[in-house]
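Reader: Before I use the labels attached to this chain, I would like to know what stands behind them. Please take them one at a time.

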Amino acid sequence: MRTLAGEDRLLFRVVRDGGGWTVALVVVALTGAAAELALPAVLGLAVDAAVGGDVSRWPVLACALVVILLVTDVLGDLAGGYGAARATARLRRRLLRHLFALDVRAVRRFPVGDLVGRLAGQAADTGQAGTAVALGGIAVLPPLGSVVALFLLEPVLGLTLLAGLGVLTVLMATFVTDASAVITAYQRVLGTIAGRLQEALGGSRTIAAAGTTDIECDRVLAALPQLRGHGRLGWRLLARANARVAAVAPLLQVAVVAVGGYALSVGWLTPGQLVAAVQYAALGAGLGAVLATLNRLVRSRAAARRIAEPLSCPVRPGGDEPLPPGGGHLRLRGVGVRADDRPVLDAIDLDVPAGCTVAVVGRSGAGKSALAAVAGRLYDPDTGEVLLDGVPLTRLDRAALRRAVGHAFDRPVLVGETVHDAIGLSLPERSARPPSTGAPATAAVLAAARAAQVDGVVARLPDGFRTRTVDAPLSGGEAQRLGLARAFHAERLLILDDATSSLDTATEHRITRALTGRNSGRTRLVVTHRVTTAAAADLVAWLDAGRLRALAPHRRLWADPDYRAVFAGDGVPQ
């Protein structure tokens, strides 16, 4: 049995996420469709009653049906809007949570700007699926109901309308096929432009310094002709479909009126029935609403395909085991990592005793950052396993893992509304947040800031720890120290990926001394290119082309000229 595609499964879920609003939309739309189908018959009965000189209830009933149509139109817009908003909000939350749960390498497959486009634009289009499906299914009821009504009035009239609807159906099916491919291509190119724009904005200072603004603008907008081409083709397809419907529909009405006129002349129809037949012909041939709904559904399905792509990436499996008592014994067994079919790490066996400081050194591209990433399970190795105090990281409870392990990076991104929030990001809720907005920093946040030598910097900010991160005038080194403070919550393992590269020598020395002190109570894995940091560590893990070349104290490795060459950029003589 054929299984549903990812985008179709996602659309069904989005329809369900509309909840009661989607149900209300269906009820309101069905009521409106029923009133729309009943109105021609009631008008015909009113005409026959008037011709016979009978002033009856039919005109009043016709006016009531018109009121119902007006009310259901307004209520349908409200229910559709609220349902789409609810479904879109849930879809965005689901996508965002999924992205954060993914392997870091999986997320990097998608440019940030492209993901923002999917989260903002394509999620909104997909969220319209409930409205599109509900209205799309109900939009076919008036044409089909018109065919049935005309068959009841006179079978020849029903056959005439049915033949014309068959032609219109073929035309609209062609539109759906062509428009789906065009809209998908349009959204993909738009994502490419968004991704390039995000890259350019991230390097705006470099672009300004190099004086390459025009070149960068051309690079970002290089795909604009493709986008314009897909956009124009999409509008042409819609205009062509509308033109075909507009051309066939009047001919169909004329055909029904002609047949109805003949039926009236031979006594098959009454004048009121002819009026009803003309109304049903207009209702059956008026497929503009169906075409508009189809266009919305095509856009929703194309957007769902874009959303389903990152959602299809498997989430890292989480464990449920707690950490046993221990001091942060880290062990890598046969760890291998590949990228673009080349080995980044190859069969790494590394044993870091609890409480030990290990400096990870090597030339650029040796695999230092990859080692730091798998050591704290930012992503899982392709082969081998990583253990902390004897438990594989893949089997650890996520909360326990994040309490035990802290990361600091060379270019930290300060996540949080305020500086206080940025430092307390990984702390338990009760320790991270002060009791009120104007309250001083919590003890845990203040202690982390002092350990990272950044408390004085924060004190000089306009609102201290309450300063908004976007308004904090921080240098690269100060931002690094905030990143270090954020990582100091780690109870067993602290991983620093070149996290002191922007610090001045004196500050780095003080932080290094605090990190490598015997009483720090944590295991420390420090990726560095500075000889002073390596010399202060208990052991040095020397990586060379993805392999562990040696694990030994710095003083023992220093006799090797190849080892000294690793620090050539740090002013070390060869």
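The exchange below sets values against the definitions.

Reader: What kind of model is this, and which residues count?

Author: This is a predicted model, in which local features need pLDDT of at least 70 and side-chain atom pairs count only at pLDDT 80 or more, while totals for chains, interfaces and linings use all residues. Residues are numbered from 1 along each chain as its sequence is written, and side-chain values use heavy atoms, with hydrogens and water left out.

Reader: What is the mean pLDDT of the chain, and where does pLDDT stay under 50?

Author: pLDDT is the predictor's confidence in each residue, from 0 to 100. The chain has a mean of 81, and 90% of its residues reach 70 or more. Over residues 435–439 the value stays under 50, and the model has three contacts there beyond four places in sequence; contact means heavy atoms within 4.5 Å.

Reader: Why is Ala-46 called buried?

Author: Buried means under 20% relative accessible area, exposed over 50%, and partly exposed in between, with a 1.4 Å probe and protein chains only. Ala-46 has 14% relative accessibility, so it counts as buried. This residue lies in helix H2 (residues 19–51); helices (H or I, at least four residues) and strands (E, at least two) are DSSP runs, numbered from the N terminus. Leaving aside neighbours within four places in sequence, Ala-46 is in contact with Trp-58 and Pro-59.

Reader: Why does Glu-216 count as buried, and what does its side chain join?

Author: The relative accessibility of Glu-216 is 16%, and therefore the residue counts as buried. Glu-216 is found in helix H10 (residues 213–220). A polar contact of 2.6 Å joins its side chain to that of Arg-219. The term covers a pair of N or O atoms within 3.5 Å; within protein, one must be able to donate a hydrogen and the other to accept it, and residues adjacent in sequence count only if both atoms are side-chain atoms.

Reader: How many disulfides are there, and are Cys-63 and Cys-313 buried or exposed?

Author: A disulfide is taken as a pair of cysteine sulfur atoms within 2.5 Å, and by this rule the count is zero. Cys-63, at 53% relative accessibility, counts as exposed, whereas Cys-313, at 6%, counts as buried.

Reader: What makes S6 and S10 edge strands?

Author: Two strands pair if DSSP finds at least two bridges between them. Six strands form an open sheet of mixed pairing in the order S6-S7-S8-S3-S9-S10. Strand S6 (405–409) and strand S10 (547–552) each have a single partner strand, so one side of each is left without a neighbour in the sheet.

Reader: How do you know that S7 pairs with S6 and S8?

Author: Five bridges join S6 to S7, which run parallel, and five bridges join S7 to S8, also parallel. Ala-408 has Leu-496 as its bridge partner in S7, and Leu-496 stands opposite Val-526 in S8.

Reader: What makes S7 a covered strand?

Author: Five of its five residues are buried. Leu-493, Ile-495 and Asp-497 lie on one side, with Leu-494 and Leu-496 on the other. Helix H14 (residues 368–375) lies across S3, S6, S7, S8 and S9, at about 155° to S7; axes are lines fitted to C-alpha atoms, for helices over the stretch in contact, and angles run from 0 to 180 degrees between N-to-C directions.
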